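Visitor: I would like to know how the contacts and spaces of this structure get their labels. Please show it first.

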Amino acid sequence: EKVFLPNIKVHAGEISSKVIVCGDPGRAKQIAELLDDAQELSFAREYRIFNGVYHGTNVTIASHGVGCPGAAVCFEELIKAGAKEIIRVGTAGSYVEELPPGSLIVADSAVREDGLTYQLVPRGMPAVGDLSLVQKVEKNAATKDIRFKRGTIVTLDVFYSGAVTFPHMEYKAAGALGAEMELASLYIIARMRGVAAAGIFALDGYAFADMNDYNPHTEVVGKAVEAEITIALEALCDD
Ligand code: R1X
């Protein structure tokens with residue numbers, strides 16, 4: 001009897017060892033459309049899973065939704081199902097002028113400004129990507145005509161701000177390049193479970209901006225998302 005993963009609704013062994021993850025189920029479908037023989041395995045809650053073939057290599061595409069706790073359920077079950085290399089393709093808000101909307105961040109590390117990872121590992125554990133997988137992503141990004149930088153991204157839980165102010169400016173001063181909402185959980189879980197992970201992000205605005213004005217649905221962001229998808233697929237199949 002094969003183990004059934006109850007939230008992502010696939011059996012162990014049904015997915016590829018090479019996985020692309022993204023937040024949006026619609027984007028999972030967009031990525032799957034670039035594959036040969038794409039097949040939807042499941043779509044439960046925010047978790048939508050496809051198998052397919054990219055340039056002769058079997059890959060799996062999975063969506064994980066918004067925020068670390070929900071994404072962590074997806075990452076843990078993907079790993080139980082057989083994932084060995086996971087690349088997150090996402091969107092993020094920029095901290096720096098050199099990375100305007102439409103450019104990319106290759107994140108080698110994530111700041112743990114989430115709650116989830118503190119319930120998994122001690123405070124001192126760093127959230128870092130797999131060095132060789134991150135380097136494959138960076139190498140493939142460098143072949144594209146798109147602006148990018150490699151560095152640290154901040155993973156936070158809050159999207160619409162409340163009564164307190166998130167210290168974006170302090171993280172900018174500390175050298176972080178931008179902010180998003182899931183990568184720290186991927187990096188902590190991947191390291192704890194012994195698999196490789198990397199992350200690449202299309203900048204869709206500035207993290208300091210009023211989120212009530214947030215509009216990622218522009219042509220320049222769409223092009224950056226398309227570019228990062230190709231970069232991630234090439235990096236995953238680069239061995
Ligand atoms: O990671 C962030 C989150 O999943 C990036 O975009 C989403 C919020 O719109």
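The talk below goes through the ligand, its pocket and a cavity.

Guide: Keep in mind that this is a predicted model.

Visitor: What makes a residue part of the group that surrounds the ligand?

Guide: A heavy atom of the residue has to lie within 4 Å of the ligand. V66, R88, T91, F159, E180, M181, E182 and Y214 surround the ligand, so each of them passes that cut-off. By class, this shell has four nonpolar residues, one polar and three charged.

Visitor: Why is the pair between T91 and the ligand called a polar contact?

Guide: The cut-off for a pair of N or O atoms is 3.5 Å. In T91, a side-chain N or O atom is 3.3 Å from an oxygen atom of the ligand, so the pair counts as a polar contact.

Visitor: How do you know that M181 and E182 make polar contacts with the ligand too?

Guide: For M181, a backbone N or O atom is 3.0 Å from a ligand oxygen. For E182, an N or O atom of the side chain is 2.6 Å from an oxygen atom of the ligand. Both values lie within 3.5 Å, so both pairs are polar contacts. The ligand taken alone exposes 260 Å², and the protein buries 81% of that.

Visitor: Which space does the ligand take?

Guide: The ligand takes the space of the largest pocket. A molecule sits in a pocket if more than half of its atoms lie within 2 Å of the grid points, so the ligand meets that condition here.

Visitor: What makes up this pocket?

Guide: The volume of the largest pocket is about 960 Å³. It is lined by 43 residues, of which F159, M181, D204, M211 and Y214 are the closest to its centre. Strand 7 (85-94), helix 4 (168-173), strand 11 (178-180), strand 12 and helix 6 (219-236) each give two or more residues to the lining. Strand 7 has the largest share, six residues. The lining divides into 21 nonpolar, 14 polar and eight charged residues.

Visitor: Why is the other kind of space called a cavity, and how many are counted?

Guide: In a cavity a 1.4 Å probe fits but cannot get out, whereas a pocket is open. One cavity of 30 Å³ or more is counted. The largest cavity holds about 40 Å³ of space, so it passes that cut-off.

Visitor: Which residues line the largest cavity?

Guide: The lining consists of V128, G129, D130, Y187, A190, R191, V195, A196 and A197. Helix 5 (183-193) and strand 12 (196-206) each supply at least two of the lining residues, and helix 5 gives the most, three.

Visitor: What makes one residue of that lining polar?

Guide: The lining has six nonpolar, one polar and two charged residues. Gly counts as polar, so G129 is the polar one.

Notes. Residues are numbered from 1 along each chain as its sequence is written. This is a predicted model: local features need pLDDT of at least 70, side-chain atom pairs count only at pLDDT 80 or more; totals for chains, interfaces and linings use all residues. Side-chain values use heavy atoms; hydrogens and water are left out. A polar contact is a pair of N or O atoms within 3.5 Å; within protein, one must be able to donate a hydrogen and the other to accept it, and residues adjacent in sequence count only if both atoms are side-chain atoms. Accessible areas come from the Shrake-Rupley method with a 1.4 Å probe; for residues, only the protein chains shown count as cover. On a 1 Å grid over the protein atoms alone, a cavity is a set of points where a 1.4 Å probe fits but cannot get out, and a pocket is an open set with protein on both sides within 12 Å along at least five of seven lines; lining residues have an atom within 4 Å of a point. Grid points are joined across faces, edges and corners, and a volume is the space filled by probe spheres set on the points. Helices (H or I, at least four residues) and strands (E, at least two) are DSSP runs, numbered from the N terminus.
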